[in-house]
Amino acid sequence: MLLLKLAAKSLFNRKASALLTLFTIAISVMLLMSIERVRIDAKSSFSNTISGTDLIVGARTGDIQLLLSSVFRIGHANNGVSWQSYQYIAKQRGVSWSIPLSLGDSHKGLAVLGTNKDYFTHYRFGKKQPLSFANGHEFNHLFDVVLGADVAKSLGYQLGDKVVIAHGMGNTSFHNHDDNPFTVVGILQATGTPVDKTLHIPLAAIDEIHGGHSHQHEKAHDHDHDHDHDHDHDHDHDQHDAVDLIGTPKQITAFLLGFDSPLYTLQVRRNINQYKEEALLAIMPGVTLRELWEMLSIVEKILLLFSIVVVIISLLGMLTSLLSSLNQRRRELAILRSVGARPWHIFTLISAESLLITGLGCLVGVALFYGLMLFGAGYLQSHAGISLNIALLSAYELMLLAAIMFAGFIVGLIPATRAYFYSLADGMSIKI
């Protein structure tokens, strides 16, 4: 205890360099813990890009290709699913809800999704979080459009604005449907998932813009309706009853299924994969997302390597600081020897100093880590879709801290050994 007290006083005496070293270790601990927490939570958030959906069904392709096209809007499905097959499967025993998805149109390079109102009720992301509206409401008329958060933000759209949909994905739009502009009636809250970069329109509107039927009455009705955003919900619902928002499309890109019980999932999945009428594929999104993450695991390894290098650099900084101060401290060590300190006392004193700096650095680092997590959680959720779990340190994180403490102790042995030999060389060995 006396040596520890002495070590603390010695550090306080050299507070400028000690604080600098401590701060370097704290920053590196904060970085390591943050990168690890983000890495682990990014993995679980990635797995939760779509949650609460039991099956995704589309034309037969690869599992990952179906997931990328239907959930991430990357690439496109070569074939669709016939409307008859969708209706037949959606009526199967155990199916609680179904959401048809029709992709293929775009607006300024952003995906347009034709779907039904169940999408806003049953679609889940993150830890089974439902979609919620920042402004407005779901579509109730044929030419209504609901925007994802990023669409509204990047293009500066507000409720009541007119939007023209183009045929074709990405920036290669083949044809602008200028004769059928859509009215923005809702803007969703940010989710950090591909939903943010999507424009949602009624399924029937996809057919309408491609069929080019004149729906003047409906449009005029839309225009009147959308100038007043404060109408009550019941009135809204009555208006919707008069309009068929689903229609009978020839085919859709894919559809999502939710079941009353997990027992039905595997049974219906097997039936779909053996479906005689057309070649279909049913995938379980959670399993396929994990497969996709395995393909991206190299990014994880690079992040981990980066954080370990940061810790090593900070510990080397501490070693440099302790070694460079040893020469200036020879007088201090000589005085300690003259009052009866043995070489092993000196050795223990210097090791205790390095352990003290590392320990305090870890404590400050953890405090900074929690500060950063609290400050950055909202930003990461809305911009990167990473839902951070701000909980107590896990066993794995405590193990990392223990490893840093141990590494700090090992690094401290180098200046401690030099001090031990200094004290012997300074000719103050006390004869017993």
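## The cavity

A cavity here is a set of grid points where a 1.4 Å probe fits but cannot get out. Rolling a probe the size of a water molecule over the atoms shows where empty space is left. In this predicted model, the count comes to one cavity of 30 Å³ or more, and the volume of the largest is about 40 Å³.

So who's around it? The lining is made up of Ile50, Ser70, Val71, Arg73, Leu101, Leu113, Tyr119, Tyr123 and Leu256. Sorted by class, that's seven nonpolar residues, one polar and one charged.

## Confidence

Mean pLDDT comes out at 81 for the protein, with 80% of the residues at 70 or more. Residues 170-174 fall below 50, though this stretch still has eleven contacts in the model beyond near neighbours in sequence. Residues 428-432 are also below 50, and there the model has nine such contacts.

## Overall build

The protein has 15 helices and 16 strands. Out of its 432 residues, 48% count as buried. Take the contacts with a separation of 6 or more: 80% of them join residues 24 or more positions apart.

## One side of helix α4

Helix α4 covers residues 83-90, and its buried residues are Trp83, Ser85, Tyr86 and Ile89. Why do they sit on the same side of α4? Because the arc they cover around the axis is only 160°. As background, an α-helix has 3.6 residues a turn, so residues three or four places apart point the same way.

Note on methods. Residues numbered from 1 in each chain as written. Predicted model: local features only at pLDDT ≥ 70, side-chain atom pairs only at ≥ 80, totals over all residues. Heavy atoms only, no water. pLDDT = per-residue confidence, 0-100. Contact = heavy atoms within 4.5 Å. 1 Å grid on protein atoms, 1.4 Å probe; cavity = no way out; pocket = protein on both sides within 12 Å on 5 of 7 lines; lining within 4 Å. Points joined across faces, edges and corners; volume = space filled by probe spheres on them. Nonpolar A, V, L, I, M, F, W, Y, C, P; charged D, E, K, R; others polar. Buried < 20%, exposed > 50% of the residue type's maximum accessible area, 1.4 Å probe, protein only. Helix = DSSP H or I, 4+ residues; strand = E, 2+ residues; numbered from the N terminus. Arc of directions from axis to C-beta.
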